[in-house]
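Take a moment with the sequence and the 3D structure. Then follow one pocket and one helix.

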Amino acid sequence: KPISKQGHSSNLFGNIQGATIVDALDTLYIMEMKEEFKEAKEWVEKNLDFNVNAEISVFEVNIRFVGGLLSAYYLSGEEIFRKKAVELGEKLLPAFNTPTGIPWALLNIKSGIGRNWPWASGGSSILAEFGTLHLEFVHLSHLSGNPVFAEKVMNIRKVLSRLDKPEGLYPNYLNPSSGQWGQHHVSIGGLGDSFYEYLLKAWLMSDKTDEEGKKMYYDAVQAIETHLIRKSSSGLTYIAEWKGGLLEHKMGHLTCFAGGMFALGADGAPSDKTGHHIELGAEIARTCHESYDRTSMKLGPEAFRFDGGVEAIATRQNEKYYILRPEVIETYMYMWRLTHDPKYRQWAWEAVEALEKHCRVDGGYSGIRDVYSNHESHDDVQQSFFLSETLKYLYLLFSDDDLLPFEHWVFNTEAHPFPILRKEDGIYVGVSLN
């Protein structure tokens, strides 16, 4: 908490301490902040403790803690990070003890008892949660020599691929006991988002050998284009939410990551579609830039709408906040790397200036309650993803392309870089920083 200068303990991590430190390890390393990295490594060795009697979010702990530790290991080669990543991975395995192998959302790390969020449709697990374990668990198997991690996530794939998809779309809710979909809600924002990202990245991370992941990704994009992507009357392309066949013309800040995803996947699309996917990425980037530009603070709201005559503007008070989220900057970074159009650096710099002006506080950076207001009301929280993602993507955007090049590295959904696993003599080998 950068104003009150207290720790902030999120119930997502149970009592596991140190989310900010672990999430920021690779950022420190990439930025060559060697003293701070050493200090963080010593903290991990002495204090990072997973033996807590508390319930954690399997998804959040995976992407932030497992992801952060894996990247710190691949970048630095320090054994402590590998050891801690595998130890934590093992503690997450009981979450998969369900009739279908689709994991629970919440797990008591000590007892091994899992359950789902009480608000989720019919006791369901959430697509973006169980669908965003694949990259980390494949690397856990690679680094531990234990195939169980990869087997767990390949089974999730198997369950999903044999299910009927309404209109080719994947609903956000799947019951882990019955193996059937819950409500037919579809989103490329929260609850769905990173599932699609991980299909594409699983294929890229496998050195383009994971054909099933590839096919599932491009088929899903086709369905998304048909059913969810729309153009506003002034020509802004946006991605709506689908509720049992009815569209809600709302786009979340989280959904803005999709511009970068479409661009990253353009190269692997059918040859006549490559330019179209890049263009789609560019249009989403433009819409998300508009959502920033149309506020007083030049920072984007949590969600913005395209109905009742408004375009790219938040109309509800509880959607006007900005919590230092990275998705728009993430899309600028991918668009910059893949097109080198200077507007992406210009747009990113606008965001840097706005962050400095409105979010910088004495002890760090704080989220903002209303980006349309003329005076800042800070929420006094610096989310760990600000250091892991927002600042890392900005740093990469203004660095040369040979820092973590896409031909060697794939970023998890928390911006933790993992090496592409190249199959040579049946052995997967990692690569160096460049």
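How do the residues of the lining of the second largest pocket divide into nonpolar, polar and charged? This is a predicted model. The lining holds seven nonpolar residues, 10 polar ones and seven charged ones.

Start with the pocket itself. The second largest pocket has a volume of about 420 Å³. It is lined by 24 residues. Closest to its centre are Ser187, Gly190, Leu191, Glu241 and Lys250. Three elements each give two or more residues to this lining: strand 6 (185–186), strand 9 (241–243) and strand 11 (250–252). Strand 9 gives the most, with three residues.

Now turn to helix 14. It runs over residues 384–397. With 14 residues at 1.5 Å a residue, helix 14 should span 20 Å. Its end C-alpha atoms are 20 Å apart, so the two values agree. Helix 14 also has a kink of about 25°, centred on Leu391.

Is helix 14 mostly covered or mostly uncovered? It is mostly covered, with 11 of its 14 residues buried. Toward the start of the numbering, the buried residues include Ser384, Phe385, Phe386, Ser388, Glu389 and Thr390. Lys392, Tyr393, Leu394, Leu396 and Leu397 are buried as well.

What covers these buried residues? Among the covering elements are four helices: helix 1 (19–30), helix 3 (58–76), helix 12 (327–339) and helix 13 (343–359). Strand 14 (364–365) and strand 15 (409–411) also take part in the cover.

Notes:
Residues are numbered from 1 along each chain as its sequence is written. This is a predicted model: local features need pLDDT of at least 70, side-chain atom pairs count only at pLDDT 80 or more; totals for chains, interfaces and linings use all residues. Side-chain values use heavy atoms; hydrogens and water are left out. The expected span of a helix is 1.5 Å times one less than its number of residues. The bend at a residue is the angle between axes fitted to the seven residues ending there and the seven starting there. Buried means under 20% relative accessible area, exposed over 50%, partly exposed in between (1.4 Å probe, protein chains only). Contact means heavy atoms within 4.5 Å. On a 1 Å grid over the protein atoms alone, a cavity is a set of points where a 1.4 Å probe fits but cannot get out, and a pocket is an open set with protein on both sides within 12 Å along at least five of seven lines; lining residues have an atom within 4 Å of a point. Grid points are joined across faces, edges and corners, and a volume is the space filled by probe spheres set on the points. Ala, Val, Leu, Ile, Met, Phe, Trp, Tyr, Cys and Pro count as nonpolar, Asp, Glu, Lys and Arg as charged, and the others, Gly among them, as polar.
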